[in-house]
Each structure stands twice: as structure tokens, then as C-alpha cells.
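Here are a few exercises to work through with the coordinates open. Try each task yourself before reading its solution.

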Amino acid sequence: MNEISVVVARLLVGNGYDVGMIAGNENEAKLGRGGVPAYVYVGDPRDESILRNAGIDESEVVVLSMDDESNLEVARIAKSRGGVPTIIALVSNKEKYLDSFIELGVYAIPIVDAILSKIAHYLRLPFKQLLYSDDKVQAYYVVISSESPYINQEVRGIARKCGVAIPLIIRGGEDVIISDEEVRIEAGDKLLIVGASDSVVKCVEKIY
């Protein structure tokens with residue numbers, strides 16, 4: 001448990017959720033008990049008996065804000081029990097862990113991306129923008145950040161891996177590039193990503 005956990009718990013309680021929190025020790029438990037009207041369980045959050053006591057089998061939402069490895073372990077437990085419709089995890093190491101969370105069906109929020117998105121909001125910089133969407137197809141405009149794990153990788157290889165099309169790249173604010181096997185992604189590139197909705201969303205979350 002940490003300050004992020006307490007803030008998220010307050011948000012959920014304020015929106016009508018009954019909230020249970022798991023603290024690794026008594027000091028963490030004091031933080032939770034003093035910050036939000038929720039029941040705090042003390043123990044290893046990766047322990048299935050603790051998770052069961054905290055009500056994971058009846059939970060509508062599980063929010064994970066520990067280290068990436070612990071978050072992934074608890075997400076796997078929650079998925080294996082089959083009773084949690086929504087699992088959200090904060091991710092510190094996007095390059096190492098993001099794919100694992102996405103493959104599990106977890107809503108993963110890279111911390112660096114969240115910060116960049118907030119800065120982009122205040123500076124009105126569109127790091128990603130939905131251009132078109134219907135029941136089956138989406139088109140996104142995405143600006144590649146310096147933190148993207150796909151920098152210097154071939155565009156067509158990434159497109160094949162994601163199951164999408166990346167037909168156009170704008171580089172340096174002016175040059176329009178028709179992507180081919182030789183083009184590699186650079187920080188600041190603006191990509192057009194098109195394809196089936198689920199594939200596009202997953203690709204956008206991983207790539208920018």
C-alpha cells in the first residue's frame with residue numbers, strides 16, 4: 001500500500017464502491033486507515049489466502065500499484081480465479097512488463113506515459129489522437145515518445161506484430177514517409193495506425 005493506493009481508494013469510495021485494501025505491514029496499514037474509510041487487511045498481497053479474505057472472488061475491480069513483478073503476480077492470481085471483471089495495474093517498466101499485462105487482459109497504465117499525457121494536456125500536445133472509430137475499425141494518430149520501447153525498430157515489423165497497418169509517418173514536422181521495410185521508428189515520429197479496434201488500441205498503448 002502507498003499514497004497512490006489511498007488516493008484511488010478515496011476515488012472509489014466517493015463513487016459508491018465498497019473498498020478493501022491490503023497493506024504489507026502495520027505502517028502501511030496506518031496510512032490506509034488514516035486516509036480512507038475502507039477495511040485494511042495486513043499481509044502479503046501475493047498470498048491467495050489474504051486476497052481471498054480481502055474479497056477478491058467478489059470484487060468488481062482490482063487496482064494494483066505495487067512493484068511491477070508483484071502487480072503481475074497478483075493479476076495472474078485474480079485472472080486464474082475468474083471472478084474479477086476489471087483489473088488495472090500501474091506499470092513502472094513499460095518495456096519489460098507492458099506486454100505481459102496486456103496479454104493477461106489487464107488494463108495497464110504506464111506511469112511515464114501518464115505523466116507525459118498530463119504534460120501534453122497542459123501544453124496541448126496531442127501524443128495520441130483518435131481520428132476515426134466504428135464498431136470494427138479505428139484509426140489513431142500517435143506521437144512516439146522518447147520512452148517508447150519500439151524506437152529504432154522497423155515499422156512494418158511492428159505493424160505485423162500488432163496486427164495493424166502503419167501506412168504513413170510524419171517526421172520532423174514535415175516529411176511524409178510511406179512506411180516500408182527500411183523505415184525505423186524515431187522519437188518524435190508521428191504515426192498513422194489503422195486496423196481492427198482491439199488491435200489498434202493494444203498497439204497504441206504499447207508503441208507511443
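**Exercise 1.** Is Asp 99 buried, partly exposed or exposed in this predicted model? Find its salt-bridge partner as well, and place both residues in the chain.

*Solution.*
- Step 1: Begin with the accessible area. Asp 99 has a relative value of 25%, and the partly exposed class runs between 20% and 50%, so Asp 99 is partly exposed.
- Step 2: Look for the partner. A nitrogen of the Lys 206 side chain lies 3.9 Å from an oxygen of Asp 99, and the cut-off for a salt bridge is 4 Å, so the pair counts as one.
- Step 3: Place the two residues. Asp 99 belongs to helix H5 (residues 94–104) and Lys 206 to helix H8 (residues 197–207), so this bridge links parts of the chain 107 residues apart.
- Step 4: Classify the partner. Lys 206 has a relative accessibility of 13%, which means that it counts as buried.

**Exercise 2.** Which two loops are linked by the salt bridge between Arg 184 and Glu 154?

*Solution.*
- Step 1: Check the distance. The N to O separation for Arg 184 and Glu 154 is 3.5 Å, and their side chains meet in a salt bridge.
- Step 2: Find the loops. Arg 184 sits between strand S9 (175–178) and strand S10 (190–196), while Glu 154 sits between strand S7 (137–143) and helix H7 (155–162); 30 residues separate the pair.
- Step 3: Compare with the accessibility classes. Arg 184 is partly exposed at 38%, and Glu 154 is partly exposed at 28%.
- Step 4: Stay in the loop between S7 and H7 for one backbone detail. Asn 152 is found there, and its phi is near 75°, a positive value in a residue other than glycine. With a relative accessibility of 51%, Asn 152 counts as exposed.

**Exercise 3.** Which residues do salt bridges with shared partners join into one network?

*Solution.*
- Step 1: Start from Glu 186, which forms a salt bridge with Arg 171; their closest N and O atoms are 3.5 Å apart.
- Step 2: Locate the pair. Arg 171 is in strand S8 (residues 165–171) and Glu 186 is in the loop between S9 and S10, so the bridge ties together parts 15 residues apart in sequence.
- Step 3: Extend the pair. Through shared partners, Arg 171, Glu 186 and Asp 189 belong to one network.
- Step 4: Add the accessibility. Glu 186 is partly exposed, at 41%.
- Step 5: Put this in context. The total count is 5 salt bridges.

**Exercise 4.** Which residues form a nonpolar patch on the surface?

*Solution.*
- Step 1: Look at Ile 111, in helix H6 (residues 111–123). Its relative accessibility is 32%, so Ile 111 counts as partly exposed.
- Step 2: Add the neighbours. Ile 111, Ile 115 and Ile 119 form the patch, and together they have about 240 Å² of accessible area.

**Exercise 5.** How many helices and strands does the protein have, and what percentage of its residues are buried?

*Solution.*
- Step 1: The secondary structure comprises 8 helices and 10 strands.
- Step 2: Of the 208 residues, 38% are buried.
- Step 3: The protein exposes about 11600 Å², with 50% supplied by carbon and sulfur atoms.
- Step 4: For the charges, the mean positions of the 22 positive and 31 negative ones lie 1 Å apart.

Key
Residues numbered from 1 in each chain as written. Predicted model: local features only at pLDDT ≥ 70, side-chain atom pairs only at ≥ 80, totals over all residues. Heavy atoms only, no water. Helix = DSSP H or I, 4+ residues; strand = E, 2+ residues; numbered from the N terminus. Buried < 20%, exposed > 50% of the residue type's maximum accessible area, 1.4 Å probe, protein only. Areas by Shrake-Rupley, 256 points an atom, 1.4 Å probe, with all protein chains shown as cover. Lys, Arg positive; Asp, Glu negative; His and termini not counted. Charge placed at Lys NZ, Arg CZ, Asp CG, Glu CD. Patch = residues over 30% accessible without salt bridge, like charges linked within 9 Å, V, L, I, M, F, W, Y side chains within 5 Å.
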